[in-house]
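Q: Please take a close look at one part of this model, its interior. I should like one connected account, with the cut-offs behind each term.

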Amino acid sequence: MKLPLIVGIGGINAAGRSSGFHSYKRMLADILPASDMHSTWQDLAHRMGLAEGEVTESVIEAIQAGTLIRRIESFDPDRVLQQYKAELSAGSDQIRFTLRKSKLPEHIPENWQLEESGSKVHVTVTGELDALLADYKPFPVSSGGNIPRGFEPGKLYNSRFHPRGLQLTVYGASDALNSLGVDWDEVLKHIRPDEISVYAGSGLAQIDDQSLAGMVAAPLTGGRVSSKMMALSLAEMPADFINGYVINSVGTTGTNMGACATFLYNLRQGLLDIQSGQAKVAIVGNAEAPVVSEIMEGFRVMGALAQDEELRALDNSDTVDNRRACRPFSDNAGFTMAESAQFAVLMDESLALELGVNIYGTAADVFINADGNKKSISAPGVGNYVTVAKAAALAQAILGPDGVKKTFVQAHGTGTPQNRVTESHILNEVAKTFGISNWPVTAIKSYIGHSMSAAAGDQLMASLGVWQYGWIPGIKTIDHIADDVHQSNLNILMDHYFAGTAGDDMQGVIINAKGFGGNNASALVLSPQQTLSMLEKKYGEAAMAEYLSRNEKVRDIIAERDLQACRGEEEIRYSFGESVMDESSVSLTQESIRLSAFGEAIVLPTVNPYADYQ
């Protein structure tokens, strides 16, 4: 079986850019040395439009204020539009108003009298008039995880009428490809065009004014439905955009949805394609932009979000501490909605060694299990016991009884009262079962919030950073563990945890995700050190020495591209209408199909795989 190697990472969340581990470093800014933080401050300064030259202390203060969980910026929580139905009546008098002819209803009510005046119509209503009255009210939730303040990814390419989630997709996928250190065209020279898989989507679809929200609201608000709204609303559209506008792919595609566990569902699809040999390269990920008042209201009325009133009560304060809105495993009130786009590039081990790409780790496996019968579709169930136990068992099978103890957990850690009890019990029982006495557990939603389908991608990016800089980010928004949290065999990290130089003390991480409806997923990701050790056992020292020699050049390219991005000079891959193929681009034989844009032909199946049944 092939190792599905993680060779590229990219994206954007409330902490910043994923490639170069900048979002990871932003979470650890209070302990990392200035030499490590310099490029991250520079990157965020350019992204946020704060500085063109040297980054000063005042700029750093502005960056800190405009990143991580904070007061919502994608809409004004003090002024959210609401409309109320009303029946207006003037009693014995009449109601008069003026409209443009084009705004008259198709069916004129019987109690209306019309008087035309040029392009306008004077309307006189006798009796009652049905109306919608506009009002602005404060939203009960003011905390959110918006991407860095002032950063508009759509301004980096021709994003005309693109929903925010798809703008994040183009940016995140470009960031992941730029992190490869090998040009995409060079990768294509080594594989057939159908040896690529793309699994990407949005758990809540595209839901802003340019997509589903605008399309649904248009008839009620006097807006207009455009020809793009329906198509761009589809949940799998991130994969379609990557294929059609970013990498020119004719390979396998789609998205596998599982609510808040969706990123791991897509990761599983990609790693299975790599393991089976169906694909040599797989791009997996999710993009979500749900910090929208209408969507948040749906979660709020379920009791899922941390409301301002509840946060003030927790702190016995008259003001809301937006920074500490998400408090996993402590006394808490609910989760914090966030936006994010996260993508990982997986590669077949032979191709990775041949190209010399960076190896950030191995996606060993993803386990997915449902909850079975439930009292409430949104309530947690037993499926997550199965997924975490399977991931821990695989860690022990690969790393041994001592090796499984050298793992840590990226908990789902939403910050809800229900999650702190149920997830801690799951992790604690699995730790007991596998003889782990002090299992390190963290939850990075405390920094960046809950980005729904992209959440496990946020967790993955933060985990891979541990093997570069040596620190597991602690849960710094809490000062105690709640009394009902199970922790006899857990080390729930309230502070940053040193995991050895380059994270050498940790051989793997279990990334956990729990989704509405009983969608549970747990992934085992092996460290780059462990991965290289396994590859050497399979390929030998000489082959690995050759790989490391090729990797030196790739590392230099990655470093240079990162510096360029930090200076605001990154490349956004978006090719609209370029190298488009049609029927004249296709050449067919019974054995293969050749497409004009690719050097390699696609081999057609010629052997009966079911010969044993005939």
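A: The account below takes the enclosed space, then the cysteines, then one helix. The model is predicted, with local features requiring pLDDT of at least 70 and side-chain atom pairs pLDDT 80 or more, while totals for chains, interfaces and linings use all residues. Residues are numbered from 1 along each chain as its sequence is written, and side-chain values use heavy atoms, without hydrogens or water.

The whole structure holds 1 cavity of 30 Å³ or more; a cavity is a set of points on a 1 Å grid over the protein atoms alone where a 1.4 Å probe fits but cannot get out, and its lining residues have an atom within 4 Å of a point. The largest cavity has about 50 Å³ of space, a volume being the space filled by probe spheres set on the points. Its lining consists of Pro163, Arg164, Gly165, Ala205, Gln206, Ile207, Asp208 and Ala289.

The count of disulfides (cysteine sulfur pairs within 2.5 Å) is 0. The closest cysteine sulfur to that of Cys260 belongs to Cys326, at 12 Å, which is too far for a bond. Cys260 is buried at 4% relative accessible area, and Cys326 is buried at 1%; buried means under 20%, exposed over 50%, with a 1.4 Å probe and protein chains only.

Helix H3 spans residues 57–65, with Val59, Ile60 and Ile63 buried; helices are DSSP runs (H or I) of at least four residues. These buried residues line one face of H3, because they fall within an arc of 100° seen down its axis, taken from the directions from axis to C-beta atoms. Helix H2 (34–47) is among the elements covering them, by contact of heavy atoms within 4.5 Å. On the other side of H3, Glu57 and Glu61 are exposed.

How values were computed: On a 1 Å grid over the protein atoms alone, a cavity is a set of points where a 1.4 Å probe fits but cannot get out, and a pocket is an open set with protein on both sides within 12 Å along at least five of seven lines; lining residues have an atom within 4 Å of a point. Helices (H or I, at least four residues) and strands (E, at least two) are DSSP runs, numbered from the N terminus.
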